[in-house]
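Colleague: I should like to go through the ligand site and the overall form of this model. Please set each term against its definition.

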Amino acid sequence: MAKEKKANTVTNQYGASMEKIVSLAKRRGFVYPSSEIYGGLSATWDYGPLGSELKNNIQNIWWKEMVRMHDNIVGLDAAIMMHPRTWEASGHVANFSDPLVDCKACKTRFREDKLDPETIKSKTCPECGGELTEPRQFNLMFSTHLGPVQDSGSIVYLRPETAQGIFVNFKNVVDTTRVQIPFGIAQVGKAFRNEITTKNFIFRTCEFEQMEMQFFVKPGTEDEWFDYWKKERMAYYLNKLGILEENLRFHQHGPNELAFYAKDAFDVEYQYPFGWEEQEGIHSRTDYDLSQHSKFCGKEVNYLDQSDNSRYIPYVIETSAGLTRSVLVCLMDAYHEETIGEDKDGKPDVRTVLHLHPNVAPVTVGIMPLVKKDGLAELALDVEKELRESFNTFYDQGGAIGRRYRRMDEIGTPFCVTVDYDTKEDKSVTLRFRDSMEQVRVPLAELENRIRREIKNYKRVK
Ligand code: ATP
């Protein structure tokens, strides 16, 4: 569609545009169009060798920060298909819908809430100028049938969010672990929504992954915990994913955006070349979810607080982040085109580099012999074998060393180790830093610890 193409060519100040990210992602094996040999399937994507490493790394750092680093947060992995009553209780069957309008002339379908106010008022298609239909509600849940009989009694939904798996297990977790309020339950998993507006690569897709955490608190303490999680989550994007501060902001939900039961809600937004968009929602949800499940299942879902013997339905602070959307944020934010001097013809020498945080970079250390002869390849392979126990490594002996460094820069490898002739004598290697392109000599015996230290102290530069 003409409008989307225009939006996608917008470049940020570091040279990143959606087109360049899509092209790099395909070229280097981060993300491929799904079932491409059959012509692809609309808005579905596969994560390639580097993309699956990047996605796993983001998931692992999120899990570490949320579950391992907090005494009072535990993990969960609930099924994608749940009892259909779950979605009646949560309100998804009745309300999880988008208002859709169609162009009577070109038949393009739009989400009315994503159109600009002028278009909504004039009811004129932004693509062709044709007349738009009245909005109608379209439920976003995918349904299928469980078991051999396809009648209305066998309908199940593919979960449109992971959160409900947590709410329905609240009692199980309380009864089988030693958690006490305030405590959280976290999970990562697939969610499915029959989205109509699926432009912008992996930004909004029908199948995606979420990383959600529900934090259960005593009513009356929700505001302080809401502030706590707002700060924690912003710090995570800055310090753990290394996202540039200038590209992050909070957006508070106004009265029209706030769910009727919610007390407050902030989105962490990221600045894409096509505008600010949600990356994570931090919601103060009151006791709505647990109360609804209590009502619909007919059982008490509450909590006995042993600190004062009171019984209540806990309030919930939710942090709900997109995992697949985080992959896009990391790639987009890390992508820089940098002029680093002149090439041999006097033209600007531009390198493409991903300044990915070492926590998430698909390859942490690239290992290369200066040349492959004279025993240097064997020596470099020995170094690689040592390091691969601790880091995700990649061995490369093909082509000029400068070109090999550039290939590593382009996929965001923060450190390269080069074995040269001196290595045989002095048992040292060259450690090269992606961001500064500086090189230092490091004794082999200290290499692993040095890299560990560099990862720990890593500070993102622009
Ligand atoms: P949006 O308005 O962008 O569709 P939402 O407000 O419906 O998002 P939530 O239901 O709050 O999103 O979901 C939490 C997070 O899950 C979002 O911040 C986003 O990162 C991710 N997410 C939601 N829908 C999608 C999707 N269709 N594709 C990829 N990620 C998604």
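Colleague: What makes the pair formed by an oxygen atom of the ligand and a polar backbone atom of Gly322 a polar contact?

Modeller: The two atoms are 3.0 Å apart. A polar contact is a pair of N or O atoms within 3.5 Å, so the pair with Gly322 qualifies. A ligand oxygen atom also lies 2.9 Å from a polar backbone atom of Gln279, and a ligand nitrogen atom lies 2.8 Å from a backbone N or O atom of Thr205.

Colleague: How much of the ligand does the protein bury?

Modeller: The ligand taken alone exposes 580 Å², of which the protein buries 86%; these areas come from the Shrake-Rupley method with a 1.4 Å probe.

Colleague: On what basis are the model and its values to be read?

Modeller: The model is predicted; local features need pLDDT of at least 70, side-chain atom pairs count only at pLDDT 80 or more, and totals for chains, interfaces and linings use all residues. Residues are numbered from 1 along each chain as its sequence is written, and side-chain values use heavy atoms, with hydrogens and water left out.

Colleague: How is the shell around the ligand divided by class?

Modeller: The shell has 6 charged residues (Asp, Glu, Lys and Arg), 2 nonpolar ones (Ala, Val, Leu, Ile, Met, Phe, Trp, Tyr, Cys and Pro) and 5 polar ones (the others, Gly among them).

Colleague: Why does the radius of gyration of the protein chain agree with a compact globule?

Modeller: The rule, 2.2 Å times the number of residues to the power 0.38, applies to C-alpha atoms. For 462 residues a compact globule would have a value near 23 Å, and the protein chain has 25 Å, which therefore agrees. Its C-alpha atoms fill a box of roughly 75 × 65 × 45 Å along the principal axes.

Note on methods. Polar contact = N/O pair within 3.5 Å; in protein donor to acceptor, adjacent residues only side chain to side chain.
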